[in-house]
Amino acid sequence: MKKLFLIMSLLVIVGCKGEVAKAEINVPTAQCGMCANTISHTLKSVDGVKKVNVDLGAKVATVIFDPTVVKVVNLESAISNAGYQANETPANAEVYKTLPGCCKLPADR
Ligand SMILES: [Cu+2]
């Protein structure tokens, strides 16, 4: 019985460890702090995402995530569905239209 418990605890430890990967996703259409917040909140709401940092100056979102749960392509589509371009994935045009003026490209304001 003691042995079984030990094995079970080990399984739990291994199961909770998870894998960690890092992705740097270009978000060239991010304009202001609000954009950075939106992108950050969007990514944090995705299953498997552990940490997000959006660098507005570099226009890069750095994401720490569990690659067994979520893939970079999922992160990109989450950003797209929030109205922003992510790497080569264009922003969802319908959502982009609903962004506040300050969050649109200068040409669209
Ligand atoms: Cu903005």
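## A tour from helix H2 to the core

Start by selecting Asn37, which lies in helix H2. You are looking at a predicted model. Is Asn37 buried or exposed? Count the C-beta atoms around it: there are 11 neighbours inside 10 Å, so Asn37 counts as exposed. The cut-off for exposed is 12 or fewer. Now add Asn53 to the selection. The two residues are 16 places apart in sequence, and their C-alpha atoms are 9.6 Å apart in space.

**Zoom out: the whole chain**

Color the model by secondary structure. You should find four helices and three strands in the protein chain. Trace them from the N terminus: the order is α-β-α-β-β-α-α. The protein chain has 109 residues, and buried residues make up 27% of them. Next, think about contacts between residues at least 6 apart in sequence. Of these, 55% join residues at least 24 apart.

**Select H2, residues 33–44**

Go back to the helix that holds Asn37. Check its length first. H2 has 12 residues, and at 1.5 Å a residue they should span 16 Å. The C-alpha atoms at its ends are 16 Å apart, so the model agrees with the expected span.

Now show the side chains. Which residues of H2 are buried? They are Cys35, Ala36, Thr38, Ile39, Thr42 and Leu43. These residues cover an arc of only 165 degrees around the axis, so they sit on the same side of H2. Turn the helix to its other side. There, Gly33, Asn37 and His41 are exposed.

What do the buried residues of H2 pack against? Their partners are S2, S3 and H3. Look along the helix, too: H2 lies across S2 and S3, and runs at about 165 degrees to S2.

**Select the three strands**

Hide the helices for a moment. The strands form an open sheet in the order S1-S3-S2, with antiparallel pairing. S1 (21–26) and S2 are at the edges, and each has a single partner strand, so one side of each has no neighbour in the sheet. From one strand to the next, the twist averages 15 degrees.

Pick S2 and S3 together. They run antiparallel and are joined by six bridges. Two places to check:

- Val52 has Val63 of S3 as its bridge partner.
- Val49 is opposite Phe65 in S3.

Follow the chain from S2 into S3. The two strands form a hairpin, with four residues between them. Click on Lys59 in the turn: its phi is positive, at about 55 degrees.

Now pick S1 and S3. Six bridges join this antiparallel pair as well. Again, two places to check:

- Asn26 has Val60 of S3 as its bridge partner.
- Ile25 is opposite Ala61 in S3.

Bring H3 back into view. H3 packs on the sheet and touches S1 and S3. The direction of H3 makes about 40 degrees with that of S1.

**Walk along S3**

Keep S3 on screen and show its side chains. They alternate from face to face. Ala61, Val63 and Phe65 point to one face and are buried. Val60, Thr62 and Ile64 point to the other face and are not buried.

**Finish in the core**

In soluble globular proteins, nonpolar side chains tend to be buried together. Here, the largest nonpolar core has 22 residues. Which of them touch the most other members? Select Val27, Ile39, Leu43, Ala61, Val63, Ile79 and Tyr84. Four elements each supply at least two residues of this core: H2, strand S2 (49–55), strand S3 (60–65) and helix H3 (72–81). H2 gives the most, with four residues.

Make Val27 your last stop. What is Val27 in contact with, beyond its neighbours within four places in sequence? Show Ile39, Lys59, Val60, Ala61, Ile79, Tyr84, Gln85 and Ala86 around it. You have met several of these already: Ile39 is one of the buried residues of H2, Lys59 is in the hairpin turn, and Ala61 is among the buried side chains of S3.

How values were computed: Residues are numbered from 1 along each chain as its sequence is written. This is a predicted model: local features need pLDDT of at least 70, side-chain atom pairs count only at pLDDT 80 or more; totals for chains, interfaces and linings use all residues. A nonpolar core is a set of buried Ala, Val, Leu, Ile, Met, Phe, Trp, Tyr and Cys residues joined through C-beta atoms within 7 Å. A residue is buried if 20 or more other C-beta atoms lie within 10 Å of its own, exposed if 12 or fewer, and partly exposed in between; C-beta atoms are placed from the backbone. Two residues are in contact if their C-beta atoms, placed from the backbone, lie within 7 Å. Two strands pair if DSSP finds at least two bridges between them. Axes are lines fitted to C-alpha atoms, for helices over the stretch in contact, and angles run from 0 to 180 degrees between N-to-C directions. The expected span of a helix is 1.5 Å times one less than its number of residues. The arc is that of the directions from the helix axis to the C-beta atoms.
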